[in-house]
Amino acid sequence: MSARTDSPAPHRAGFACFVGRPNAGKSTLTNALVGTKVAITSNRPQTTRHTVRGIVHRPDAQLVLVDTPGLHKPRTLLGERLNDIVRTTWSEVDVIGFCLPADQKLGPGDRFIATELAGIKKTPKVAIVTKTDLVDSKTLAAQLIAIDQLGRDLGIEWAEIIPVSAVDSEAERGAAKKNGADAPAGDRRGAGQVGLLADLLVPLLPESPPLYPEGDLTDEPEQVMVAELIREAALEGVRDELPHSIAVVVEEMLPREDRPADRPLLDIHANVYIERPSQKGIIIGPKGKRLKEVGMKSRKHIEALLGTPVFLDLHVKVAKDWQRDPKQLRKLGF
Ligand SMILES: Nc1nc2c(ncn2[C@@H]2O[C@H](COP(=O)(O)OP(=O)(O)OP(=O)(O)O)[C@@H](O)[C@H]2O)c(=O)[nH]1
């Protein structure tokens with residue numbers, strides 16, 4: 001017998017990214033795995049602009065999740081840059097999770113991404129069927145078969161094909177919280193389908209000591225995450241053409257002076273940029289009502305993220321045609 005059988009499994013650490021059509025559930029999956037709201041979810045397509053990493057800490061492994069924007073037909077300079085970010089990410093990670101929603105038949109969008117994926121030979125690819133709570137078992141089975149066939153057609157060898165629902169694990173976490181069992185995130189993970197997904201991804205990572213300190217959930221700078229939370233709130237319920245026209249920049253984050261130690265307040269000043277003066281009304285709303293709601297909603301999320309009360313000061317500014325202007329893009333963080 002070799003000595004190996006007695007030694008514990010080696011620690012593994014590495015990077016995984018989720019790819020897939022807009023709205024496929026990539027950000028939701030990242031959040032469910034990490035156990036906190038780090039990536040931005042929204043029912044509007046293409047809301048994830050920045051590469052946000054969520055970090056799953058386990059005793060046996062550390063899984064660093066890189067959340068990429070959706071790959072799409074570039075029409076603007078911003079579109080091209082986003083696609084570049086996606087391809088670079090794919091070639092750098094240890095495993096790619098290709099997300100395909102269970103409630104939608106495979107379409108040209110999925111094939112487009114799969115064809116690109118087939119070109120990335122070395123990285124193991126896992127097909128993840130998301131939103132399984134939305135379909136019956138027959139539809140799910142048909143989807144699993146279709147994905148298997150897609151792999152055969154394009155010469156992709158799936159390391160796994162995994163069905164998951166992020167909603168189930170959110171409900172589980174909610175129930176755990178209600179019962180007062182608000183254990184550290186690390187203890188809550190591992191439960192349910194999302195935990196199973198992590199179990200399948202971990203063996204595909206290289207042997208390595210942890211890459212990040214225990215407890216780190218993301219290495220995105222706080223200001224970027226705060227800006228994303230504001231953008232997410234600003235996107236809710238606006239007209240279809242607006243989402244791509246909104247960018248948010250946090251200008252300043254400073255603790256308010258002269259506050260007692262037990263009642264701190266963080267002042268955050270942020271600008272919401274739109275492309276045209278005509279869009280101002282949509283964002284601000286009648287008598288400023290919409291902007292107020294955006295402020296209230298995002299403040300709640302920011303306070304939860306940073307763990308401190310926040311005073312949020314939002315201003316709406318016009319940055320003419322920022323998506324097409326390299327100088328403006330750089331200023332807005334792209
Ligand atoms: N019912 C159900 N809905 C889900 C599930 N996962 C995600 N969703 C919903 O699907 C929508 C899109 O989810 P996201 O996680 O934002 O999708 P994404 O792939 O990150 O989208 P982009 O950022 O646009 O690329 C949101 O409204 C989610 O609430 C799931 O497991 N079940």
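In this predicted model, the largest nonpolar core comprises 45 residues, and those with the most contacts inside it are Cys17, Leu63, Phe98 and Ile128. Strand β1 (residues 12-19) supplies the largest share of this core, namely 6 residues. For isoleucine 128, the residues touched are Gly97, Phe98, Cys99, Ile162, Val164 and Leu197, when residues up to four places away in sequence are not counted. A second core, separate from the largest one, has 22 residues, including Val226, Ile230, Val250 and Val310.

The protein chain as a whole contains 11 helices and 9 strands. Of its 334 residues, 36% are buried. Among contacts between residues at least 6 apart in sequence, 71% join residues at least 24 apart.

**Helix α4**

Helix α4 (residues 137-154) has 18 residues, which at 1.5 Å a residue should span 26 Å; the end C-alpha atoms are 26 Å apart, so the expected and modelled values agree. The buried residues of this helix are Gln143, Ile147 and Leu150. Because these residues cover an arc of only 60 degrees around the axis, they lie on the same side of α4. Their packing partners are β4 (95-101), α3 (108-118), β5 (125-130) and β6 (158-163). On the other side of α4, the exposed residues are Ser137, Lys138, Ala141, Ile145, Gln149 and Arg152. Just after the helix, glycine 155 adopts a positive phi of about 75 degrees.

**The sheet β7-β8-β9**

An open sheet of 3 strands is arranged in the order β7-β8-β9, and its pairing is mixed. Its edge strands, β7 (247-255) and β9 (310-318), each pair on one side only. From one strand to the next, the twist averages 15 degrees. Strands of a sheet pair through backbone hydrogen bonds, either parallel or antiparallel. Strand β8 (residues 266-274) runs parallel to β9, and 9 bridges join the two. Within this pairing, asparagine 271 has histidine 315 of β9 as its bridge partner.

Two helices pack on this sheet, as set out below.

| Helix | Strands touched | Angle between directions |
|---|---|---|
| α8 (residues 222-235) | β7 and β8 | about 130 degrees with β7 |
| α10 (residues 289-306) | β8 and β9 | about 135 degrees with β9 |

**Alanine 227 in helix α8**

Alanine 227 is located in helix α8. This residue has 27 C-beta neighbours inside 10 Å and therefore counts as buried, the threshold being 20 or more. Leaving aside residues up to four places away in sequence, alanine 227 touches Val248, Val249, Val250 and Ala270. Valine 249 is 22 residues from alanine 227 in sequence, while the C-alpha atoms of the two are 5.8 Å apart in space. Val250, one of the residues touched by alanine 227, also belongs to the second core.

**Summary**

The model thus presents two separate nonpolar cores, of 45 and 22 residues. Helix α4 has its buried residues Gln143, Ile147 and Leu150 on one side, with exposed residues such as Lys138 and Arg152 on the other. Helices α8 and α10 both pack on the open sheet of 3 strands.

Key. Residues numbered from 1 in each chain as written. Predicted model: local features only at pLDDT ≥ 70, side-chain atom pairs only at ≥ 80, totals over all residues. Pairing = 2+ DSSP bridges. Helix = DSSP H or I, 4+ residues; strand = E, 2+ residues; numbered from the N terminus. Axes fitted to C-alpha atoms, helices over the stretch in contact; angles between N-to-C directions. Contact = placed C-beta atoms within 7 Å. Core = buried A, V, L, I, M, F, W, Y, C linked by C-beta atoms within 7 Å. Buried ≥ 20, exposed ≤ 12 C-beta atoms within 10 Å, placed from the backbone. Expected span 1.5 Å × (residues − 1). Arc of directions from axis to C-beta.
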